[in-house]
Amino acid sequence: MKNKTFRKPDIVDELHTLHAERQEVIRARLEEFSRVPPSEYFYELAYCLLTPQSSAMNCDRVVRFLRDCDFYRAEIDPEPLLHQGPVYVRFHKTKAQRLIELKKLFPLVLAALANSYDSRALREWLVLNVKGLGYKESTHFLRNIGHRGLAILDRHILRNLKRYGVIRRIPHTLSRRQYNQIERKFMNFADAVGIPMDELDLLIWSMETGEVFK
C-alpha cells in the first residue's frame with residue numbers, strides 16, 4: 001500500500017510505543033469481549049443503540065439501569081431512564097422506542113448470531129433488520145461480543161486515519177460502500193504498522209479518550 005504516512009517513522013514509532021505500553025490492557029479487554037455470555041447480548045446491543053451522538057459513559061450507566069430493572073423481561077417504559085439528571089442520552093424519545101422494538105426483535109437477533117459465524121454477514125443482517133443500527137453500531141456490537149476483523153469507524157478512528165494520511169477527509173456520512181472502503185484502508189494501515197486492527201482500534205480510542213473502554 002503506497003501512502004506517505006508509512007515513510008514517517010515518527011508516526012509508526014508513536015503507535016508502537018503506545019501499543020507496547022497498553023497492549024496488555026487492550027488484549028485483556030478483547031479477551032473479555034470474547035467471554036461475554038449470550039445472556040448479556042441484549043444489553044450489549046442496547047448499549048450500541050444508545051451510543052450515537054451520546055456519551056459512552058452515560059450510555060453505559062443507562063444500560064446498568066436497564067439491567068437492574070430487568071428491562072428485557074419487564075414491561076417498563078425505558079424513556080425516563082435515558083435522562084436522569086446528569087445521565088443524559090440524546091434523542092431519548094426515539095432511542096427509547098428503539099429499545100422497545102429491540103425487545104420484540106431480539107429472538108431473531110439471537111437466531112442470526114447462532115446460525116452464522118461470518119462477522120460481515122452478521123453485520124449486514126443487523127443493519128438491515130435492527131432499526132437504529134448503522135454499520136458503525138453493528139460493528140461495535142459484534143466487537144463487544146467477541147467478533148474480530150471489523151472496524152468501528154467512529155469519529156475518533158476517522159480523525160486519526162485522516163491525521164495519519166490513510167484517508168484524505170472525514171466524510172459527513174458513511175454509505176455501505178464508503179464504510180467498506182475505509183475499513184479496508186484501516187486494515188491495510190494496521191498491517192503496514194504491524195499492529196492487529198482490533199488492537200489498533202482500541203489503541204486509537206484510548207489515545208483520544210484516555211482509557212480502554214468499550
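In which loop is the place of Asp70? In this predicted model, Asp70 sits in the loop between helix 3 and strand 1 (83-84). The report returns to this residue below, after an account of the cores, the cysteines and the largest pocket.

**Nonpolar cores**

The largest nonpolar core comprises 37 residues. Those with the most contacts inside this core are Leu50, Leu82, Leu99, Val109, Leu113, Phe141 and Leu142. Several helices build it: helix 2 (41-50), helix 3 (56-68), helix 4 (92-115), helix 5 (119-129) and helix 6 (135-144) each contribute at least two residues. Of the contributors, helix 2 gives the most, with nine residues.

Leu50 offers a view of the packing around one residue of this core. When residues up to four places away in sequence are not counted, Leu50 touches Cys59, Val62, Val63, Leu82, Val89, Lys95 and Leu99. Two of these partners, Leu82 and Leu99, are themselves listed with Leu50 among the residues with the most contacts inside the core. The model also has a second, separate core of 28 residues, and its members include Leu15, Val166, Leu200 and Leu203.

**Cysteines**

How many disulfides does the count come to? The count comes to zero. A disulfide requires a pair of cysteine sulfur atoms within 2.5 Å. For Cys59, the closest cysteine sulfur belongs to Cys48 and lies 9.3 Å away, so the separation is too far for a bond. For Cys69, the closest cysteine sulfur is that of Cys59, at 16 Å, and this too is too far for a bond. The surroundings of the two residues may also be described: Cys59 is buried, with a relative accessible area of 0%, whereas Cys69 is partly exposed, with a relative accessible area of 26%.

**The largest pocket**

The largest pocket has a volume of about 730 Å³. Its lining consists of 28 residues, and Pro52, Gln53, Lys136, Asp154 and Arg155 lie nearest its centre. Helix 3, helix 6, helix 7 (155-163) and helix 9 (197-209) are the elements that give two or more residues to this lining. Helix 6 gives the most, with four residues. Helix 6 is also among the helices that each supply at least two residues to the largest nonpolar core. By class, the pocket lining has 13 nonpolar, 10 polar and five charged residues.

**Backbone and exposure**

Most residues other than glycine have a negative phi. Asp70 is not a glycine, yet it has a positive phi of about 55 degrees. Phe91 likewise is a residue other than glycine with a positive phi, near 55 degrees. Phe91 lies in the loop between strand 2 (87-88) and helix 4.

Glu31, by contrast with these loop residues, has its place in helix 1 (residues 9-34). Its C-alpha atom and that of Lys104 are separated by 30 Å, and the two residues are 73 residues apart along the chain.

The table gives the exposure of residues discussed in this report.

| Residue | Relative accessibility | Class |
|---|---|---|
| Cys59 | 0% | buried |
| Cys69 | 26% | partly exposed |
| Asp70 | 30% | partly exposed |
| Glu31 | 37% | partly exposed |
| Phe91 | 42% | partly exposed |

Asp70 and Phe91 are thus each assigned to a loop, and each counts as partly exposed. Glu31, in helix 1, counts as partly exposed as well.

Terms used
Residues numbered from 1 in each chain as written. Predicted model: local features only at pLDDT ≥ 70, side-chain atom pairs only at ≥ 80, totals over all residues. Heavy atoms only, no water. Core = buried A, V, L, I, M, F, W, Y, C linked by side-chain atoms within 4.5 Å. Buried < 20%, exposed > 50% of the residue type's maximum accessible area, 1.4 Å probe, protein only. Contact = heavy atoms within 4.5 Å. 1 Å grid on protein atoms, 1.4 Å probe; cavity = no way out; pocket = protein on both sides within 12 Å on 5 of 7 lines; lining within 4 Å. Points joined across faces, edges and corners; volume = space filled by probe spheres on them. Nonpolar A, V, L, I, M, F, W, Y, C, P; charged D, E, K, R; others polar.
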